[in-house]
Amino acid sequence: RMSDQQFRPAHSAFDESPEVKEAAALSLAGKRLDRAAAEALYYGASLHTLAQLAHAMRLRLHPEPIVTYVGDRNINYSNVCVCACRFCAFFRAPESGEGYVITREEMARKIDETLRLGGTQILLQGGHHPDLPLEWYEDLLRWMRATWPSLHIHAFSPPEIFFWSQKFGLSVDEVISRLKAAGLDSIPGGGAEIFDEGLRAQICPHKAGSAEWLRISGEAHSLGIKTNCTMLYGHLETCAMRVDHLCRLREQQDKSGGFTCFIPLPFLTENSKLKLPEEKLGPVRGLDQLRTVAVSRLMLDNIPHIKAYWIMMGTKLAQTALWYGADDLDGTVVEEHIGHMAGAGSAQGLTLKELEFMIREAGFTPVRRNA
């Protein structure tokens, strides 16, 4: 297996190795790529080859030239967290005095504003708060469902659900069932980070492990809850770890079938304990982000959609990623704290018209969706 020191992608198809050309032929023939083929493409294919392969696969899955988006808002209900993940610039320790828990009044203002702007969905995520009972989350969902019946509630991540299961002595099935009964519609894919356990011990040792993340996603699927999945890349991982992460997501999808979208998240280094020196930042710059989107599309042949997350990629690179296998441009967002506190330079939100303009300018037809 190549090391990252041998990560020298070809500049053109003429420079590519026999292994890359064999993997490319398999992909164009509609064959599933194994780990070795994926690594060959990740390490050795030219960017032009990856664009061609990923876009061809995208068209096999979605022949119409459409890109989906959603009118939504991200609401981070609390920044208090006991996990202290090294890469997170958002959390505040319970004893810090800098934590918050959103009030119903503030939540109502944000939701009403979202609906006035044409939104239909709220994404809720927060820290692992040590003092909020499960009933607090259930009451919040019931209140949201009763007050805004048509609202799509896309909320809580597998690590949050695992934390509550452990804290309150409940099975994961019980936690998800109670949240679903209270009004939960779907679950975002946060907290997957990188599945390599040795690396997780360095960057997020107090969060649900990879096996728990995958198991919780599978249990949600068995209960009729669709979920997303993610990968946080560009920090201490190798490209081989990225491929392993994609393989495990694909295996879980083969088993439970409930992932609707994969979201590659480039690591933003500002204001966290994992802030990287300048010489370590090169691989996660724009071209590597496009490479990662493309390889993700090629590997995840059983997950319908790949998202170009403009909040972390920036709008221009996200538009470009639509030609590298992505077919979704996220949503209006309106406000976003986690990525921006880590250094995202993108806008806090986009209007529906701005999103549609971006999609049309990239050469596609915009189509609104929910989660």
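1. In this predicted model, one aromatic cluster is formed by Tyr77, Trp136, Tyr137, Phe156 and Trp164. Two members of that cluster, Phe156 and Trp164, will return below in connection with a nonpolar core.

2. The count of aromatic pairs in the structure comes to 11. One of these joins Trp136 and Tyr137 in an edge-to-face arrangement, with 5.0 Å from centre to centre and 80 degrees between the planes. Since the cut-off for burial is under 20% relative accessible area, Trp136 at 23% counts as partly exposed, whereas Tyr137 at 0% is buried.

3. Trp213 and Phe259 also form an aromatic pair, here stacked, with the ring centres 6.0 Å apart and an angle of 25 degrees between the planes. This pair links distant parts of the chain, as Trp213 belongs to helix H9 (residues 210-222) and Phe259 to strand S7 (residues 259-266), with their positions 46 residues apart in the numbering. Both partners are buried, Trp213 with a relative accessible area of 0% and Phe259 with one of 2%.

4. Trp213 also appears in the largest nonpolar core, which comprises 80 residues and in which Leu41, Phe87, Trp213, Leu249, Phe262, Leu298 and Leu329 touch the most other members. For Leu298, when residues up to four places away in sequence are set aside, the contacts are with Ser27, Leu33, Leu41, Leu50, Leu53, Ala54 and Met57. Leu41 is thus named both as a contact of Leu298 and among the core residues that touch the most other members. A second core, separate from this one, holds 36 residues, including Ile102, Met107, Phe156 and Trp164. As background, nonpolar side chains in soluble globular proteins tend to be buried together.

5. Turning to charged side chains, the structure holds 21 salt bridges. Among them is the bridge in which the side chains of Lys110 and Glu106 meet, at 3.5 Å from N to O. These two residues are four positions apart in helix H4 (residues 104-116), and so they are separated by about one helical turn. Lys110 is buried at 9% relative accessible area, while Glu106, at 29%, is partly exposed. Both residues also take part in a network of salt bridges that links Arg73, Glu106, Arg109, Lys110 and Glu113.

6. A bridge with a comparable sequence spacing is found in helix H10 (residues 239-256), where Asp244 and Arg248 lie four residues apart and are therefore separated by about one helical turn. Their side chains meet in a salt bridge at 3.0 Å, N to O. With a relative accessibility of 14%, Asp244 counts as buried, whereas Arg248, at 23%, counts as partly exposed.

7. What is the burial state of the two residues in the bridge between Arg242 and Glu237? The side chains of this pair meet at 2.9 Å, N to O. Arg242 has a relative accessibility of 3% and counts as buried, and Glu237, with a value of 7%, counts as buried too. Given that the threshold for burial is under 20%, both partners of this salt bridge therefore fall on the buried side of the cut-off.

Conventions: Residues numbered from 1 in each chain as written. Predicted model: local features only at pLDDT ≥ 70, side-chain atom pairs only at ≥ 80, totals over all residues. Heavy atoms only, no water. Core = buried A, V, L, I, M, F, W, Y, C linked by side-chain atoms within 4.5 Å. Buried < 20%, exposed > 50% of the residue type's maximum accessible area, 1.4 Å probe, protein only. Contact = heavy atoms within 4.5 Å. Salt bridge = Lys/Arg side-chain N within 4 Å of Asp/Glu carboxyl O. Phe/Tyr/Trp six-rings, centres within 6.5 Å; stacked < 30°, edge-to-face > 60°.
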